[in-house]
Each structure stands twice: as C-alpha cells, then as structure tokens.
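Subject: Structure handover

Hello,

Here is the structure I promised to pass on. Please open it next to this note; my findings follow below.

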Amino acid sequence: MNAAKNEFFDQWSAYAEILARNYMHHDDIFGAVAAYLAARFEHKPFAVLDLGSGNAFHLARALAGRAVSRYVGYDLSEIALAEARENLAGLGCAVRLQRADLRAGLRCEAEKFDLIVASFALHHLLSADKRAFFQQAAERLNDGGMVLVIDTFRASGESRELYLDRYCDWLGSRCQTLDAAALAGLIDHIRTCDFPENAEDLARMAGNAGLNGAMKIHQVRWHESWGFERSGV
Ligand SMILES: C[S@@+](CC[C@H](N)C(=O)[O-])C[C@H]1O[C@@H](n2cnc3c(N)ncnc32)[C@H](O)[C@@H]1O
C-alpha cells in the first residue's frame, strides 16, 4: 500500500462523510446484501472474515438478525478499527479485529470461514494480487462458503483512464459537502490507488481459484456486488 492511501483512510473523516451522506450508495448496496445474506444463511450459524473492514458499519447492519458465530476483521486504519469494535458489538458473537494488511491476514488465518467479505477494498490490489487473493480465499472457505466482493468495477471495454475520468467526475459531483481539500484528497486517492477490474476478469480470477459459481447480487453505476462460490456446492 502506498503513502497516499494510508493517509486518506488514516484520517477517515472524508470517508466517514461519504458513508454518512450515502454518496457511494452504501445504503442501497448493503440493503440488497442484507436480503441476500438472509435468504442464503437464514438462521444457520456462519463465520465471517471481513478484509478491509473499515468501520464495518454497513456490514454489521447487513448481518443483524443473522446467527454470526465469529467475526474476524482486518484493516490498516486504527480509527476505523476502533469504530468497528463498537459497530460490531451488537452481533453478539466473538469479534477479533486486527490492524494488518488484508493479504497477510488471509495468509495467516488458520481457521476457515463461511463468508469472506471484501467491500471496496479489493480494488486497491493490482491484478496479480487479486488473483492471489482468490486462491487464498478459496482455501480459507468451509464447504458451502462464499466470497462476497462489493466494489467498484470498470465497465466491459472501459480502460482504467476512462474509468477514472468518469468515476471521479461522478463521485466529485455528488460529494457536495466535502470541502475543497477533502475532495482533492479523495480524487488523488482514487487516481493513485484504485485499480478496478471489469466483472468478466474478476469472475475469471475467481473461477481459476475454483470459485466458478458467480452470482451478481446488486449493481448501482460502477458499484457491483458479487458472490463467488464453488459451483455444485
Ligand atoms: C473504501 S474503505 C471500505 C471500508 C468498508 N469495507 C466499506 O465498505 O465501507 C477501504 C478500507 O480498506 C482498507 N484497506 C485498503 N487496503 C488495505 C490493505 N491492503 N489491507 C487492509 N486494509 C486495507 C482501508 O484502510 C479502508 O478502511
């Protein structure tokens, strides 16, 4: 991870404003994810690994009412993790939060999980690291488990340069309450650190790791939510 990214999420305040104002449509996205998880897991217990958890506010809400048996979260932002501890308290299960790179977390976890979540975090990795992510995530899944990716995606055939111009124009015009410095920091962070894939390429990476069952759960503009599991499970 580079210095620009650390700085943006270490401060957390600009991203907190984005969440509070629903600028990236988190409310809509996680509403759909909550419905999906309710239908999939019903009241069966399941263990969750959340990679790039941030403050876990929206995932905690989406998991409310489910029988989460264990939650493990990794993030690099100390401020976000402190908030996550409070936001996850209502789940009523064991919660372990670690300040570490999500790739190291995935490698080091000894136990397996039923749901591995990467929400707006995977796009920070380059393609080779995303491929490694799926390989390692597949190894950490229990039978019947799934990887849930919520993220920014390039449209099919859209170059990174074109994506960055379009996405920054769109998000910049929505973030009306960010002051000029915060907006400049956000745009600089996106242009420096974001490497979204298109959905076909991400599904191929998951498939190469044995996760052939790709399900699109939701889409709003460039924000897509996908579940990946072993087909036939
Ligand atoms: C855009 S926020 C998403 C937070 C939350 N998952 C959500 O959906 O709102 C990205 C988060 O990923 C974290 N992050 C980025 N790269 C990471 C890495 N390599 N390892 C661990 N955390 C990372 C950042 O600190 C930040 O909290």
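Which residue in S5 does serine 119 stand opposite? Serine 119 faces isoleucine 150 there.

Two points on conventions. Residue numbers start at 1 along each chain, in the order the sequence is written. The model is predicted, so local features need pLDDT of at least 70 and side-chain atom pairs count only at pLDDT 80 or more, while totals for chains, interfaces and linings use all residues.

Helices (H or I, at least four residues) and strands (E, at least two) are DSSP runs, numbered from the N terminus. Strands pair if DSSP finds at least two bridges between them. A residue is buried if 20 or more other C-beta atoms lie within 10 Å of its own, exposed if 12 or fewer, and partly exposed in between; C-beta atoms are placed from the backbone. Contact requires C-beta atoms, placed from the backbone, within 7 Å.

Strand S4

S4 covers residues 113-119. It is mostly covered: 7 of its 7 residues are buried. S4 pairs with S1 (residues 46-51) in the parallel sense, over 3 bridges. Leucine 49 has isoleucine 116 of S4 as its bridge partner. S4 and S5 also run parallel, joined by 6 bridges.

The ligand

The shell around the ligand holds 17 residues. A residue is near if its C-beta atom, placed from the backbone, lies within 6 Å. The closest are Phe9, Gly52, Gly54, Leu102 and Ser119. By class, the shell has 8 nonpolar, 7 polar and 2 charged residues. Here Ala, Val, Leu, Ile, Met, Phe, Trp, Tyr, Cys and Pro count as nonpolar, Asp, Glu, Lys and Arg as charged, and the others, Gly among them, as polar.

Helix H3

H3 runs over residues 26-41, 16 in number. At 1.5 Å a residue it should span 22 Å, and its end C-alpha atoms are 21 Å apart, which agrees. The expected span is 1.5 Å times one less than the number of residues. His26, Ile29, Phe30, Val33 and Leu37 are buried in H3. They cover an arc of only 85° around the axis, which puts them on the same side of H3. The arc is that of the directions from the helix axis to the C-beta atoms. Asp27 and Ala39 are exposed on the other side of H3. What do the buried residues of H3 pack against? Their partners are helix H2 (13-20), helix H4 (57-63), strand S5 (141-152), strand S6 (213-220) and strand S7 (223-229).

Two positive phi values

Most residues other than glycine have a negative phi. Glutamate 42 has a positive phi of about 45° although it is not a glycine. It follows H3, in the loop between H3 and S1. Glutamate 42 is exposed, with 10 other C-beta atoms within 10 Å.

Arginine 221 also is not a glycine, and its phi is positive, about 50°. This residue lies in the loop between S6 and S7. It is partly exposed, with 14 other C-beta atoms within 10 Å.

The S6-S7 hairpin

S6 and S7 form a hairpin with 2 residues between them. Their pairing is antiparallel, over 7 bridges. Valine 220 stands opposite histidine 223 in S7.

Glutamate 224 is also in S7. Is glutamate 224 buried or exposed? Glutamate 224 is buried, with 20 other C-beta atoms within 10 Å. Leaving out residues up to four places away in sequence, glutamate 224 touches Asp151, Phe153, Ala199, Lys216 and Gln219. Glutamate 224 and phenylalanine 153 are 71 residues apart along the chain, yet their C-alpha atoms are separated by 6.6 Å.

Helix H9 and the loop after it

H9 (residues 180-193) has 14 residues. It reaches 20 Å from its first C-alpha to its last, close to the 20 Å expected at 1.5 Å a residue. Leu186, His189 and Ile190 are its buried residues. They cover an arc of only 95° around the axis, which puts them on the same side of H9. Ala180, Ala181 and Ala184 are exposed on the other side.

Phenylalanine 195 is in the loop between H9 and helix H10 (199-208). It counts as partly exposed, with 17 C-beta neighbours inside 10 Å. It touches His123, Leu126 and Arg160, not counting residues up to four places away in sequence. Phenylalanine 195 and arginine 154 are 41 residues apart in sequence and 9.0 Å apart in space, C-alpha to C-alpha.

Best wishes

Note on methods: Two residues are in contact if their C-beta atoms, placed from the backbone, lie within 7 Å.
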